[in-house]
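Student: I am new to this structure and would like to learn how to read it one feature at a time. Could we look at it together?

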Amino acid sequence: MTETSLSDLTPQTESKLWQRGRLAMAALVAAVFLQGCGILGGSKESAQDPDAVEVNEGPIAFDVEVHSDRDSSRIADSLENYLEIQRYRRFPDLRENEFNRLLVEADKNARDLLAALGYFNPELTLTVRTNEIGSKAPRTIVVDVTTGPLTTVKSHDIGFSEPMASYPDAQRQRQRIVRGWSLQDGEPFVSSDWNSAKNAGLRELQKYRYPTAQIAKSQALVDADTNQADLSVHYDPGPEYRFGEVELIGVKRYDPQGIKNIARIPSGAVYSEEELLDAQQRLASSGYFDSAFLLLDTENSDPEAAKVVAQLREAQFQKVVFGLGFSTDAGPRLSIDHSHNRIWPLDWRSVTNLKLDSKEQELTSTITAMPKEDGWAWFTGGSLKREDTGDVKTNSLGLRLGQTKSVGHIDRSYYLKYDFSKALGDSDVSGSASSLMAGYEWTGSYFNNKINPTSGYGLSAELGAGFTLTPSREPFVRTRLRAMQFIPFGQRNNVGRRNRILVRGDVGAVFADNNVRVPASLLFLTGGDTTIRGYSFDSIGARTDDGTLYAGRYMAVASAEWLRPVTLFGNATDWGHAVFVDTGAVTDEAKNVRIYTGVGTGLRWSSPVGPMQVDVAYGVKTQQLRLHMRLGFTF
């Protein structure tokens with residue numbers, strides 16, 4: 001029995017091979033991209049010719065042609081792209097003895113490349129074919145490959161150094177690495193998959209508790225007689241790290257303690273990469289900085305209290321942003337945003353927004369204090385709005401005072417809110433109303449990506465209680481629940497995308513006596529791009545006896561969408577195709593419920609700034625088709 005040790009590597013060697021693997025992958029991606037460009041822009045022959053890009057680049061000394069008995073495309077591409085001999089194709093003065101030496105080296109090089117693909121017993125024949133006069137190259141090296149059986153994994157062993165190996169608090173982390181091991185017994189042994197499996201385990205260690213973890217030793221023993229591989233990897237986690245003090249670099253204008261309160265690094269807690277990135281995101285989105293970068297100092301700090309270095313670049317005190325947009329719900333939109341990071345006399349941060357479109361004209365302003373050590377921050381603000389609430393024009397005013405807190409995936413706030421609204425016109429729902437309400441909001445976002453999620457879920461709950469001020473003083477309760485979940489299923493394609501189901505629901509209610517007039521801004525309408533497609537924006541609500549549409553007290557919306565990745569010419573793309581059904585209703589009384597349903601189909605593009613949606617939906621109630629377009633993800 002013959003055993004071959006494929007790798008018995010130090011961490012430094014592992015790192016070098018990982019870097020080379022990344023370069024090789026980049027080269028492969030570039031090659032695929034160039035080939036794709038050829039397919040789009042030229043003939044089929046030119047797209048399949050690997051030398052099409054070499055026109056007018058000088059004479060070619062030889063060409064390389066690979067033939068394989070198995071998985072021919074994959075093996076041919078690998079050998080033709082990565083054989084070292086390819087580097088000497090444009091040496092027309094290559095001497096015969098040098099050419100023969102290159103042939104000998106090419107045989108060994110080809111065997112190494114095949115071993116990386118899992119073939120350790122190949123039969124190779126290299127011959128030189130003289131081409132006809134006038135051919136692109138005077139001769140061709142023909143590589144005939146009989147791969148032999150594919151090597152599979154016989155066993156795998158994952159070990160950890162002490163003290164982690166017996167540390168009870170690290171048991172779940174060890175189990176995640178063992179359960180998540182991607183190269184299981186019986187699967188083909190491919191070098192790239194072996195490296196990926198090892199590095200995935202290392203990343204799992206480095207993300208939590210052990211940021212300086214390394215691969216102490218890894219080995220793949222291949223039995224060339226049975227074509228089986230025994231794998232072993234041993235991780236050295238290093239010391240356990242805990243967060244220490246935060247060092248701010250670049251803070252001159254703002255209160256350092258307030259900035260630390262925004263970051264909220266939990267001093268004394270076990271190191272977590274997620275905690276560090278969340279703190280970095282809070283600083284970057286706070287408005288006080290143009291850039292924020294946080295890192296753990298593992299070289300000059302005690303692991304029990306490792307220093308967190310925050311490298312920050314402060315933003316200007318004031319900023320004005322103009323925006324133009326378009327939506328199928330409201331048509332063209334103009335927005336103007338103004339922010340001031342230290343407004344006099346409180347030194348709080350103010351944000352003022354003006355939004356104008358065909359359905360809504362709104363001016364809002366909010367000022368927020370630096371958070372306290374417990375993370376809670378005071379805020380106050382107001383809004384003026386003129387909008388279409390169904391068939392009625394409504395003017396409204398809102399004032400709010402409260403506290404807010406954002407930690408990890410959870411946002412919370414409690415507040416006291418004053419609302420006033422006046423419905424214009426001569427209908428039964430015209431008139432004014434005002435109220436005072438104490439409220440609490442909780443939102444948890446557990447998506448795998450904040451910009452373009454493909455899995456995870458979000459939950460939101462609102463609860464308020466108060467009383468109307470005019471035209472009469474009566475108690476009421478307002479509540480709203482929202483949920484959204486992505487459910488991936490099926491096999492991944494060659495870029496890791498899967499089919500997924502998106503389900504969402506939205507339920508709201510205002511409880512009060514029938515004769516109590518509640519401000520329209522606290523009631524519900526639905527319909528449009530983000531609710532029930534197939535109907536125009538806020539076109540679903542309660543109706544009076546004469547058919548006038550207005551905001552109702554009770555709302556329920558549900559939606560299910562199936563999205564599958566689009567494959568073009570056998571290659572995965574950033575596009576997807578969706579089919580969906582939306583349904584819901586808004587009413588004041590259960591006996592008058594009208595269910596509105598929309599069904600449709602659309603395209604999705606995973607853009608750098610979020611998903612772009614283009615949908616065509618059919619409103620079953622109105623028996624009309626509507627186009628819906630939207631950019632970005634919101635929950």
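Tutor: Gladly, and please keep in mind from the start that this is a predicted model. Let us begin with a pair of helices, H5 (residues 171–179) and H6 (residues 191–207), whose crossing is right-handed.

Student: At what angle do H5 and H6 pack, and how far apart are their axes?

Tutor: The general idea is to compare the N-to-C directions of two helices, with angles over 145 degrees counting as roughly antiparallel. Here H5 and H6 pack at about 160 degrees, and their axes lie 9 Å apart; the two helices are therefore roughly antiparallel to each other.

Student: Which residues of H5 and H6 meet?

Tutor: From H5 come Gln173, Arg176 and Ile177, and they meet Gly201, Glu204 and Leu205 of H6. By character, the residues of this contact between H5 and H6 divide into two nonpolar, two polar and two charged.

Student: Now I would like to turn to strands. In what order do the strands of the open sheet with E2 lie, and how are they paired?

Tutor: A sheet is read by following which strand pairs with which. In this open sheet three strands lie in the order E2-E4-E3, and their pairing is mixed. Strand E2 (63–68) and strand E3 (123–130) are the edge strands, each of them pairing on one side only, while the twist from one strand to the next averages 20 degrees.

Student: How many bridges join E2 to E4, and do these strands run parallel or antiparallel?

Tutor: E2 and E4, the latter spanning residues 139–146, run parallel and are joined by six bridges. To find your place in the model, look for Ser68, which stands opposite Val145 in E4.

Student: Which helix packs on this sheet, and which strands does the helix touch?

Tutor: That is helix H4 (residues 96–116), which touches E3 and E4, and whose direction makes about 145 degrees with that of E3.

Student: How many bridges join strand E18 to strand E19 further along the chain?

Tutor: E18 (residues 431–447) and E19 (residues 456–470) run antiparallel, with 14 bridges between them; within this pairing, Glu441 stands opposite Glu462 in E19.

Student: Through how many residues does a hairpin join E19 to E20?

Tutor: The hairpin leads from E19 to E20 through four residues. E19 and E20 (residues 475–489) run antiparallel and are joined by twelve bridges, and Gly458 has Met484 in E20 as its bridge partner.

Technical notes. Residues are numbered from 1 along each chain as its sequence is written. This is a predicted model: local features need pLDDT of at least 70, side-chain atom pairs count only at pLDDT 80 or more; totals for chains, interfaces and linings use all residues. Side-chain values use heavy atoms; hydrogens and water are left out. Axes are lines fitted to C-alpha atoms, for helices over the stretch in contact, and angles run from 0 to 180 degrees between N-to-C directions. Angles under 35 degrees count as roughly parallel, over 145 as roughly antiparallel, 65 to 115 as roughly perpendicular and the rest as oblique. A crossing is left-handed if the near helix is turned anticlockwise from the far one by less than a right angle, and right-handed if clockwise. Contact means heavy atoms within 4.5 Å. Ala, Val, Leu, Ile, Met, Phe, Trp, Tyr, Cys and Pro count as nonpolar, Asp, Glu, Lys and Arg as charged, and the others, Gly among them, as polar. Two strands pair if DSSP finds at least two bridges between them.
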